[in-house]
4 protein chains.
Amino acid sequence: MKNVWHQHVLRARYQETDQMGVVHNANYLSWFEIGRTEWLRNTGIAYRKLESWGLLLPLVDLNIQFRQPARYDDCIAVFTAMTDFSAARLQFEYEVRRIGDALTSPDIQAGQAVTPYGELLASGTSRHMWLNREWKPARIDKTAPEVYALLQTNKQQQGDE
Amino acid sequence: MKNVWHQHVLRARYQETDQMGVVHNANYLSWFEIGRTEWLRNTGIAYRKLESWGLLLPLVDLNIQFRQPARYDDCIAVFTAMTDFSAARLQFEYEVRRIGDALTSPDIQAGQAVTPYGELLASGTSRHMWLNREWKPARIDKTAPEVYALLQTNKQQQGDE
Amino acid sequence: MKNVWHQHVLRARYQETDQMGVVHNANYLSWFEIGRTEWLRNTGIAYRKLESWGLLLPLVDLNIQFRQPARYDDCIAVFTAMTDFSAARLQFEYEVRRIGDALTSPDIQAGQAVTPYGELLASGTSRHMWLNREWKPARIDKTAPEVYALLQTNKQQQGDE
Amino acid sequence: MKNVWHQHVLRARYQETDQMGVVHNANYLSWFEIGRTEWLRNTGIAYRKLESWGLLLPLVDLNIQFRQPARYDDCIAVFTAMTDFSAARLQFEYEVRRIGDALTSPDIQAGQAVTPYGELLASGTSRHMWLNREWKPARIDKTAPEVYALLQTNKQQQGDE
């Protein structure tokens, strides 16, 4: 089954650089986070609302491979795909790529499923667990069935492609 | 003379929040920085190029007033205006405002001169000094006359309005 | 009345640098925050506990003057003094200074009232307001009288010196 | 061969928290970085000097497992061990643990080789590559033989234990 990628475009910020003259590695975790927030939004799920319902989605583990450094003011596309999910867990895959000055063509930002393009800078995966406000495991098929249904629908669409 | 404002729209990132449930105050300095980067770009000056020419524009001083907290996932408009400049110095004024879900209407992001709108969250000013690579004062009318000319043109346009 | 300064020593982190080769300006707000947290701790007030009681102390305004850049791995002393307080508000003053490699002499870290020393890098002030969990003004003489008493005692000691 | 751990103690900063009420995941990369900086310092290598000689040590890949969240103001011990090295590469292992209020006993901060203790919050590994200023691979047995010798000595001491 092929990944269905969602794209989000951003610019590398000055504050994100370090004295090596490149984007500091810790910022890729923030970019991954933006990627999955926008993936969820595109799937019909506002992460902001999930938290207001008392659901948290912390990281369980993460790995990341760095190929080429991102530099200040680069246009960066964060490609995000959900690679697995259950009632208790979610798994994402990411590619961070440098693209041309795409921020001037807003339609590219719209975020449809796309094939990753541009120069690959970093890739990685993250696994997450649904927790409730007491930081205990939550089964979203019980606590947020509509969210679970949206994830299922999304997964099926991937299977169809 | 009225300020000519430039607008840049962004979303408050999850990482930018703190445990008070709002955007941490230090991030406003990053947002101001994005505001003046985009102001410069709109004026025809890529800050990235200035640095490649050996020019730096560090902060000399800054003040900021906080009115209302920004929250996660808010659409934020950063309004930036140049309020003063010389061959040695630059001064900016900023307003950070919460706006509706404007990220879906890309034309609003385009950044023309606009009157600030939305809920005022914070305002501030920053003063900067041109330095060369040796961290010594630089006069840009000498070292980067085309940049100086662009700033002058911009200032005159303000006077005309 | 002279300021009674509290000292906290830290090292500039790699991630805190930017591509100008110096500590990025936004980190000074984090250093000020560490300074006042440690000032409060030294006064007998754990900010962590204040929040668990439902008290918040957000920034109302801030100003900062930058003199010299901090660099990676510098030993930095953050000097903090409370310059004013009421039942509703608190005001702090800060000096950020580069000192010798003091992290090897732990007694210097202890934080007694000291006269600022070392090379002045930045100075500033911040004003704060006590709020409750609903983000409404709180009078701490009513809601946390023991905290108010500690601040009063501290202020009187300043007057005595 | 057993890991020889180096310990560095720090406090979780307010700015490092997010609205989940815990330390945001991206800060663990900064803590790992502090851990290896202090490991290198303890081995006799100031990372600051390496960069002044034109050597860079960027991340190639990283993985991290999150067990328990760190919270604001926690005393955190970062345990770091070098697990492999060659003339071209370095590999580190990390454990981030919550300890009691150890910042009052400065001798614990001193950083000798220790057995990790305290509550395990996160663990991970990172791989790094020596590069020169042109961002090309560098062999440190050629470009910085004294650094290479220090790493070798350190590795042998591990074997002896």
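**Reasoning from cut-offs**

Colleague: What makes you call Asn25(B) buried?

Modeller: Its relative accessible area is 12%, and buried means under 20%, so Asn25(B) passes. Keep in mind that this is a predicted model. Asn25(B) sits in the loop between β1 and α1 of chain B. Setting aside neighbours within four places in sequence, Asn25(B) touches Phe66(B), and from chain C it touches Leu29(C), Glu33(C), Arg36(C) and Leu59(C).

Colleague: OK, on to chain C. How do you know that the length of helix α1 of chain C agrees with what a helix should span?

Modeller: Take 1.5 Å a residue: the 17 residues, 27-43, should span 24 Å, and the end C-alpha atoms are 24 Å apart, so the two values agree. Just after α1(C) comes Gly44(C), with a positive phi near 100°.

Colleague: And why is α1(C) said to be largely enclosed by the rest of the structure?

Modeller: Count the buried residues: 15 of the 17 in α1(C) qualify, so the helix is largely enclosed.

Colleague: Now charges. What makes Arg13(A) and Glu16(B) a salt bridge?

Modeller: The cut-off is 4 Å between the side-chain nitrogen and the carboxyl oxygen, and here the closest N and O atoms are 2.8 Å apart. The pair crosses between chains: Arg13(A) is in the loop between β1 and α1 of chain A, and Glu16(B) is in the loop between β1 and α1 of chain B. Arg13(A) and Glu16(B) are both buried. By this rule there are 48 salt bridges over all chains.

Colleague: Arg48(D) and Asp74(C) form a salt bridge too, at 2.5 Å. How do you know that this pair joins two chains?

Modeller: Look at where the partners lie. Arg48(D) is in helix α2 of chain D and Asp74(C) is in the loop between β2 and β3 of chain C, so two chains are joined.

Colleague: Why does Arg48(D) count as partly exposed, and is Asp74(C) buried or exposed?

Modeller: Partly exposed runs between 20% and 50%; Arg48(D) has 35%, so that label fits. Asp74(C) has 5%, so it is buried. Elsewhere, salt bridges with shared partners link Arg11(A), Asp73(A), Glu38(B) and Arg41(B) into one network.

Colleague: What about the salt bridge between Asp141(A) and Arg139(A)? Why do Asp141(A) and Arg139(A) get the labels they do?

Modeller: Their closest N and O atoms are 2.8 Å apart. Asp141(A) has 23% relative accessibility, so it counts as partly exposed. Arg139(A), at 45%, therefore counts as partly exposed as well.

Colleague: Last topic: chains A and D. What makes their relation a two-fold rotation axis?

Modeller: Chain A lands on chain D with an RMSD of 0.0 Å after a turn of 180° and a shift of 0.0 Å along the axis. The two copies are therefore related as by a two-fold rotation axis. Asn63(A) is the residue of chain A that comes closest to that axis, with its C-alpha at 2.0 Å.

Colleague: How do you know that the same surface serves both copies?

Modeller: 100% of the contact residues of chain A recur in chain D. Each chain is listed with its own share, 25 residues from chain A and 25 residues from chain D. Together they bury about 2000 Å², 61% of it on carbon and sulfur atoms. Met20(A), Phe66(A) and Trp135(A) supply 29% of the area that chain A buries there, more than any other three residues.

Colleague: What holds charge or polarity across the interface of chain A and chain D: how many salt bridges, and how many residue pairs in polar contact?

Modeller: The rule finds 0 salt bridges and 8 residue pairs in polar contact. On the side of chain A that touches chain D, β2(A) gives the most, with 8 residues.

Methods. Residues are numbered from 1 along each chain as its sequence is written. Chains are lettered from A and ligands numbered from 1 in the order in which they are written. This is a predicted model: local features need pLDDT of at least 70, side-chain atom pairs count only at pLDDT 80 or more; totals for chains, interfaces and linings use all residues. Side-chain values use heavy atoms; hydrogens and water are left out. Helices (H or I, at least four residues) and strands (E, at least two) are DSSP runs, numbered from the N terminus. The expected span of a helix is 1.5 Å times one less than its number of residues. Buried means under 20% relative accessible area, exposed over 50%, partly exposed in between (1.4 Å probe, protein chains only). Contact means heavy atoms within 4.5 Å. Copies are superposed by least squares on the C-alpha atoms of residues with pLDDT of at least 70 in both. Buried area is the accessible area (1.4 Å probe) that two parts lose on being put together, summed over both. A polar contact is a pair of N or O atoms within 3.5 Å; within protein, one must be able to donate a hydrogen and the other to accept it, and residues adjacent in sequence count only if both atoms are side-chain atoms.
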